[in-house]
Structure formats: C-alpha cells, structure tokens
Amino acid sequence: MQGIWTTERIRAAERKLLAVTPDGALMRKAAFGLSVHAAKMLGAPSGRRVTLLVGSGDNGGDALWAGFFLRKRNVAVTAVLLNPDKAHPQGLAALKRAGGRVVPVADSPQWIRKADLVIDGIVGISARGSLRPDAASLLEHIKAPVLAVDLPSGVDPDTGAIDGPAITADRTVTFGARKPVHALAPAACGEVFLVDLGLDLEDPDLVRLEAEDVAACWPIPGPSDDKYTLGVTGVAAGSAVYPGAAVLSAGAAVYATSGMVRYAGPAADLVRSRWPEIIATGSVTDAGRVQSWVVGPGIGTGHEGREVLATVLGAGVPVCADADATTLIAQHSDVLDARDPDTPLVLTPHDREFARLMGSEPGKDRVAAARACARRYDAVVLLKGHCTVVAAPDGRAMVNTPRGSWLATPGSGDVLSGLIGAVLAAGVDPWLASGAAAYVHSLAGELAAAGAPTSSSGILGAISDALRTLHWRKS
Ligand SMILES: NC(=O)C1=CN([C@@H]2O[C@H](COP(=O)(O)OP(=O)(O)OC[C@H]3O[C@@H](n4cnc5c(N)ncnc54)[C@H](O)[C@@H]3O)[C@@H](O)[C@H]2O)[C@@H](O)CC1
Ligand SMILES: Nc1ncnc2c1ncn2[C@@H]1O[C@H](COP(=O)(O)OP(=O)(O)O)[C@@H](O)[C@H]1O
Ligand SMILES: [K+]
C-alpha cells in the first residue's frame, strides 16, 4: 500500500529532519535527484537548453540548485526569477557561479519558448490559492516538456483541485513522501517519481492500493474451496426499461470470482440467457441465500425499487447500494431503518448522487467530502470520478488513480457494482473490497481500451485479463 501524507504532516516531519541535518543538505539532495530526472528527459543533456521557472520559496530553491547540477553537465540553464529579491540566495548564487543565466519575467518569454525542457519551481507545498498573475503569465509560453518540482504549480497540493492556470507536467519529482495532489491530479502531474529524504512518517492520511494489495485480498479458489465458500453474490438490478444494467452488474460478479451468483429481478430471462451460470429468479424474496447483495443499477426510483432495497437491507449481509439505490436512500432515508446496524453498507455515488445524499456536490476536497458522507451514513462511500475516493466511517481513505479516462462510458458503474458485490460476498473488509474493485475496474478499462475507446461490455470482457496481471499469493 502506498502512503500519502498531507502537506501539514510532511512539513512537520521536514522540520524534525531539518533540525538534525546540515544546512541546505536536504535541498541539495532533492535538487540532485531532480537534475538526474531532467537529464533523463533531455536524453543527451550536453548543449541542451533548460529554463527554470523560479518562485520565491524553497520550491524555487530546488529548481535553482537543479540548474547548478545541470550546468555541471554542460546544459545551458536560464532561470526566470518571479521575484528577484526573494529568490533562494544560496541556490541563486550557486547557479550564477556555475555560469547560469538569470532573467526577469519581462524578458522571459523567448527563454521559455526556446527551451528543450522547462523546470517548474514556481510553487510547492506552500502554494495558496490559484497562481498569481505574474506566475500564470509564464505558462502560456511553454512549448517544451515540463518537469515539475515537487508538484505542478497551480494545482492544490492537498486536494488536487485546479482553479485557474496550472502547469501540466510530463513528469513530477517529489521529495520525502507522496502528497495528495499526486494521487488526485494525475493528468497534471504526469509520471511521479519520489526522491527519498528519510522523513519519519507513519499512519498515512490517504493510501493507494498496489497490485500486491489487491492480490492479497481478492478471493480466488484454493484446494478446499467449492462454489459456495467464496461467497454467493446476489444481484438485484435491472428493469423492463434497463435490462442491460442487470447483465453488466451480474456479469461482472461472474467474472470477478469463481463463487456463485444469484440474480433477482425483472431481467431474469435475459440474465439467464447471457450468463447460464447464474441462478436467476424474478424476486429478491425468493432468491435463496447470498453472502452479499448488489442493489440498484437500473431498478428505478419508484415504489418497487424501494421495496427491493428495503428487503436486501434487511437480509443481514453486506450490501452495495449503487445507482438508483443511492437516490432512493437520499429521497427516503427511512428505508435505512431496515438495515441491521452491524451489516456493512457500501454507497457508490457519482457527484450528482453525492449531492442528493449530502445536499451539495463534493466540492474541491473530495477526500474530505467522501469521509463526511461515510460518517453521515455509517457506510463505506466510494465517490466516483476520474480518481475514485473510498472512505470508511472510521476515517480511513484511499484513492484509485486510473491510467487514462477509459471508464467514462455508460454502464461502467454497473460493472463496478458487480465487482464490489463479489468481493464483499467473500467477507473482505468492505473498504478494502471497494478499493480493490475500483482498482480492478480501472485496470480492466485500461486493458479493454488498449489505447482506443471501449464500452462497458469491453470492460466486462477484460476483467479476467486485469485479474491475471495481479500476483497471486495462492492458486
Ligand atoms: N523543507 C524541506 O526540508 C524541503 C523542502 N523542499 C522544497 O520546498 C518546498 C516548500 O518550500 P516553501 O515552504 O518555501 O514554499 P513554496 O516554495 O512551496 O512556496 C512559497 C512561495 O510561493 C509563493 N506563493 C504561494 N502561493 C502562490 C501562488 N498561488 N502563486 C504564486 N506564488 C505563490 C509564496 O509567496 C512563497 O514565496 C517544497 O515544495 C519542496 O520543493 C525540498 O527542498 C526538500 C526539502
Ligand atoms: N473521466 C473519467 N476517468 C476515469 N474514470 C471515470 C471517468 N468518468 C467516470 N469514470 C468512472 O466510470 C464509472 C462510471 O460510473 P457511473 O457514473 O455510475 O456511470 P453509469 O451509470 O453509466 O454506469 C465510475 O467508476 C467512475 O469512477
Ligand atoms: K512546482
């Protein structure tokens, strides 16, 4: 599991380390790492042109010191100083000593335009609000690849929100530890690399699952398993108007594990013909025993949907309430009276469903929003978006960062609900189950797309490929 810490926690850890480290040593270590990445991006660095965008804090100091190291490799370095009086004094002196050029903002456009690489040292973890106009004015001249120092300037370090002009980096080199921006604004960061500074950090504020975490919790059959022991997933989805939701959600549960899937609802005939391995009935009341329920995709928000939701909430097994079930819960909160307080509930809102549940959309701080919703409903909340945030009522939060936006296609949420239900049925902790499902979902989307737009049926068909890439601990 990859840990991510807020800037407040990182600053506190840095203060402790700075107190026992020779002056300037941490910055030079950070800047040397930066210069190595800059050289890699340049290919053969000698004779190439690098322009540094230098703010008045230590982020600018890192850029200046990286310029110093690049001068040692015969790179032509030009520093654009946003505030010449406040530029990091030692970094500036070192760059000048090594033969770097220094220009004010007024003269900068030509140096930015003709650079082979731009290094963004405008602002780092102490950024406040959107970029000031002088800093923002530099961005329009950038034509070369960009290497961001610590984080792309203009993106909020703790929320990843972008409120105005911002750097779009090809690569970000961060120091000490990953910050929320790196998980929440992947398109602005490009590929993120970490230079270890030896910070003493524990208990991350946010985590990101890695392949081995997903493999470790994903239910796969062992020698003593049979069709029941991995858990039976119940799917209550679809309607006469939306039978496809049932096919997608139940199909995802079929592909997710080798456990049994039961379907209950008006699309029973279609589900049976599409998935012969599913036991399908018309109603949740005669569905038979299950170890989890997925409820909601395509069930509608009328009386019948409400009855179905109340029935599964009272079944004493974990429930993933998705799509119309989320809206029903928002509109008729008394339906939750049917829930046994000890049975886990997973809610999977996108922004508009979130607004129905909470009264307003998530806003800039999506992690805080998901946490608040999780507390309010005593449920795991999986807040959908480009990056998906999963929060538990006890405050645990994780983010799934996709590669690409291939999941933005109708019905892909139905696929996700089936994946969550199947992992819940195996008894996996609901927060972990939801995060692991989001991981496999986005990986399946990436594999299905393989660089060209795909569909939810495509994502469904790539679930097995996605699971195959994990490193199983048993077989
Ligand atoms: N403290 C440490 O141990 C280390 C810190 N490092 C670097 O230090 C950075 C943090 O440095 P600082 O705390 O000095 O602060 P920053 O350099 O992140 O930013 C502060 C400066 O940016 C300006 N600023 C803030 N918001 C702005 C906006 N919206 N538009 C334009 N300018 C804005 C402020 O006026 C101030 O001059 C990190 O991001 C990292 O790059 C690294 O050198 C590694 C070691
Ligand atoms: N731009 C995007 N990048 C990555 N994932 C996205 C993007 N837009 C949507 N998604 C994901 O696609 C799924 C869409 O689900 P949902 O909104 O319920 O749609 P539907 O109801 O059509 O199934 C969610 O898992 C969401 O996180
Ligand atoms: K920066």
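**Exercise 1. Pairing of strand β10**

Determine which strands pair with β10 in this predicted model, and in which direction they run.

Solution. Start with strand β11, residues 261–264: three bridges join this strand to β10, and the two run parallel. One position to check is Gly 234, which stands opposite Arg 262 of β11. Next take strand β13, residues 292–295: four bridges link this strand to β10, again in parallel. Here Thr 233 has Ser 292 as its bridge partner. Finally, follow the chain from β10 to β11: together with helix α10, residues 243–256, the two strands form a β-α-β unit that is right-handed.

**Exercise 2. The two faces of β10**

Sort the residues of β10 by the direction in which they point, and state whether they are buried or exposed.

Solution. The general expectation is that side chains in a regular strand alternate between the two faces of the sheet. In β10, residues 233–236, Thr 233 and Val 235 point one way. Gly 234 and Ala 236 point the other way. All four are buried, a label that requires 20 or more other C-beta atoms within 10 Å of the residue's own.

**Exercise 3. The largest nonpolar core**

Find where the largest nonpolar core lies with respect to the domains, and name the residues with the most contacts inside it.

Solution. The core has 171 residues. Those with the most contacts inside it are Leu 64, Ile 119, Ala 236, Ala 250, Val 295, Val 423 and Val 440. Helix α17, residues 430–449, gives the most to this core, with 13 residues. Domain 1 (2–205) and domain 2 (211–468) both contribute residues, so the core lies between them. Ala 236 also belongs to the buried set of β10 from the previous exercise.

**Exercise 4. The shells around the two ligands**

For each ligand, identify the nearest residues, the element that gives the most to the shell, and the makeup by class.

Solution. Around ligand 1 there are 26 residues, of which Gly 57, Asp 58, Asn 59, Gly 124 and Ser 126 come nearest. The elements that give two or more residues to this shell are α1 (7–18), α2 (25–42) and α3 (58–71). Of these, α3 gives the most, with four residues. By class, the shell holds 11 nonpolar, nine polar and six charged residues.

Around ligand 2 there are 16 residues; Lys 384, Ser 405, Leu 407, Ala 408 and Gly 413 are the closest. Helix α16, residues 412–425, gives the most to this shell, with four residues. By class, the shell around ligand 2 holds six nonpolar, eight polar and two charged residues.

How values were computed. Residues numbered from 1 in each chain as written. Chains lettered and ligands numbered in written order. Predicted model: local features only at pLDDT ≥ 70, side-chain atom pairs only at ≥ 80, totals over all residues. Buried ≥ 20, exposed ≤ 12 C-beta atoms within 10 Å, placed from the backbone. Pairing = 2+ DSSP bridges. Right-handed = clockwise from strand over helix to strand, strands pointing away. Near = placed C-beta within 6 Å. Nonpolar A, V, L, I, M, F, W, Y, C, P; charged D, E, K, R; others polar. Core = buried A, V, L, I, M, F, W, Y, C linked by C-beta atoms within 7 Å. Domains from an automatic or database assignment.
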